[in-house]
Amino acid sequence: MTTAPAPPARIGKAAVGALGALAVSAGALESVVTPTLPLLQRELDMSPAEGALLSVVLLVTGALITPLAGKLGDRYGGKRVLIQLMAVVSAGGLVSALAPNLPVLLLGQILQGAMVGALPLSFIVVRGHLPVGESKVAIGTVSGMFVAGSMAGMLSAGPVAEQLSRHWMFALPTIAVIGSTLLVNRLMPSDPPGRPDGAGIDWPGLALLSGTLITLMLVLALAPEVGSQPLVLGALVLVLAAFVTGWTAVERRAAAPMIDPRMLARPVIWKSCVLTFVICLGTSMGVYLVPQLLDVSGDGYGFGIGATGIGVILLPGALAASLAGPVGGIGERRFGSRAVVTAGVVIMAAALLALSAAHTEVWHIVVGKALIALANGLCVTALVTGVATSVDKGDTGIATSLVLVTRVIGYAVGGQVGGALLTAGTPSGSDVPAESAFVSGFLIAGVITVLSLLVVRTKNKGVEE
């Protein structure tokens, strides 16, 4: 007779809290470069092109690592892979903290990029130890804590770098990452490995996916310069198309594909990815435009506020983002993902359109940014939890990683579009964008967000599709 395997140990609030603490510290470490990029460019004597490279290298690495981390977590157990991944992240944070020059800092950022893969691994662990209803709330909490950590990092990086040094803005969140990783290792029981598939890692699929994502990021980086480099951009677009075609062909024939195209074809997956991309594009444009508007001092618009003041103004948005995760998880459990996503889309669209019309008082910016952060957290949490609980447990990591990679791409596209609009809207001989550029940016982001309702309408009301 064979004995049935014992069910996995149920985790308590302390273990979920440890995962939340890890998400906060990782989110803070992820976000410190963006608000301090001008300071880093001055101290390390970087050109604008080098600054742009530094700002995207972590996202590129994260987009590459996330599907692999999700696949390995599904196969070998989420906790095991998570601890190993965070060891790499901790090493990257220490390298960044000690970096004397740009090449070493780039190496640290490449290693730090592994942190993006931590979220799907956290979802694997949670699903392995909690029933569906409770896992939705726990996933929402962890997602919200990551967003809150990102906001906290953006708010604190500038003051820390100015009062202490650029080294400490990396060192402090890295110390928190190390401490919370040790806490997770102590409090979180090991989850059982997934079902064996008898196949190794899909290295050809991973290589082609890497080429696709790297080329896509290069296309986005060069898109604003299309007027001066049309041939280079056109060549990159052709290379991107070739990578996508090759990756699709290889994955269809692979015995154990890194990302099964049949999974992408499932309505719950592709609809969630489309919605995540559109929602994060709108969010990214708003997140990019708001600090720029607070910083400039134009004729009748802008505020001329410094980095520390901007951080204080953005604080309500950080609080809203931290609340959105748990609220989104509870709402998804009670009302279904479609209801939560619909509410989030409506809130975000209203906030963006309102900012396009009213942005002359600080409170306009405070309220608008807080609503954008709240809406983004609600939408992404509902979409991730909906996907995580609608697939087999053995596919949780790879399914949620698809949504998270789409999130990264949406943020990258939104930031580039916002930057291109401000560049195009800056009068010749001036370094201050015209007010119309900000109005156009908020308006375009709002309209794009509204259009996502066409996809939301097709989602089923229930948890699963």
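**Exercise 1. Is L294 buried or exposed, and what surrounds L294?**

*Solution.* The model is predicted, so local features need pLDDT of at least 70 and side-chain atom pairs count only at pLDDT 80 or more, while totals for chains, interfaces and linings use all residues. Residues are numbered from 1 along each chain as its sequence is written, and side-chain values use heavy atoms, with hydrogens and water left out.

Step 1. Buried means under 20% relative accessible area, exposed means over 50%, and partly exposed lies in between (1.4 Å probe, protein chains only). L294 has a relative accessible area of 0% and is therefore buried.

Step 2. L294 belongs to helix α12. Helices (H or I, at least four residues) and strands (E, at least two) are DSSP runs, numbered from the N terminus.

Step 3. Contact means heavy atoms within 4.5 Å. With neighbours within four places in sequence left aside, L294 is in contact with F303, G304, I305, I310, I313 and I365. The C-alpha atoms of L294 and I305 are separated by 5.8 Å, and the two residues are eleven residues apart along the chain.

**Exercise 2. Describe the chain as a whole.**

*Solution.* Step 1. The secondary structure comes to 18 helices and zero strands.

Step 2. Of the 465 residues in the chain, 53% are buried.

Step 3. Among contacts between residues at least 6 apart in sequence, 81% join residues at least 24 apart.

**Exercise 3. Compare the span of helix α10 with the expected value, and list its buried residues.**

*Solution.* Step 1. Helix α10 covers residues 230-253, which is 24 residues. The expected span is 1.5 Å times one less than the number of residues.

Step 2. From first C-alpha to last, α10 reaches 35 Å, close to the 34 Å expected.

Step 3. The buried residues in α10 are L233, L236, L240, W247 and E251. An α-helix has 3.6 residues a turn, so residues three or four places apart point the same way.

**Exercise 4. How many aromatic pairs are counted, and which parts of the chain are tied together?**

*Solution.* Step 1. Rings of Phe, Tyr and Trp (its six-membered ring) pair if their centres lie within 6.5 Å; planes under 30 degrees apart count as stacked, over 60 as edge-to-face and the rest as tilted. The count comes to one aromatic pair.

Step 2. Y301 and F438 form this pair, which is tilted, with 6.5 Å centre to centre and 55° between the planes.

Step 3. Y301 lies in the loop between α12 (267-295) and α13 (307-335), and F438 lies in helix α17 (residues 435-451), so the pair ties together parts that are 137 residues apart in sequence.

Step 4. Y301 counts as buried at 11% relative accessibility, and F438 is buried at 0%.

**Exercise 5. Describe the two largest cavities.**

*Solution.* Step 1. On a 1 Å grid over the protein atoms alone, a cavity is a set of points where a 1.4 Å probe fits but cannot get out, and lining residues have an atom within 4 Å of a point. Grid points are joined across faces, edges and corners, and a volume is the space filled by probe spheres set on the points. Three cavities of 30 Å³ or more are counted.

Step 2. The largest cavity has a volume of about 90 Å³. Its lining consists of L119, F123, S143, F146, V147, N376, V380, T381, L404 and R407. Two or more lining residues come from each of α6 (118-129), α7 (132-163), α15 (362-388) and α16 (396-424).

Step 3. Ala, Val, Leu, Ile, Met, Phe, Trp, Tyr, Cys and Pro count as nonpolar, Asp, Glu, Lys and Arg as charged, and the others, Gly among them, as polar. The lining of the largest cavity has six nonpolar, three polar and one charged residues.

Step 4. The second largest cavity has a volume of about 50 Å³, and its lining includes L22, A23 and M115. Both α1 (13-31) and α6 supply at least two residues of this lining. By class, the lining has seven nonpolar, one polar and no charged residues.

**Exercise 6. Where does T181 lie, and which residues does T181 contact?**

*Solution.* Step 1. T181 is in helix α8 (residues 166-187) and counts as buried at 9% relative accessibility.

Step 2. Leaving aside neighbours within four places in sequence, T181 is in contact with L22, I83 and M86.

Conventions: On a 1 Å grid over the protein atoms alone, a cavity is a set of points where a 1.4 Å probe fits but cannot get out, and a pocket is an open set with protein on both sides within 12 Å along at least five of seven lines; lining residues have an atom within 4 Å of a point.
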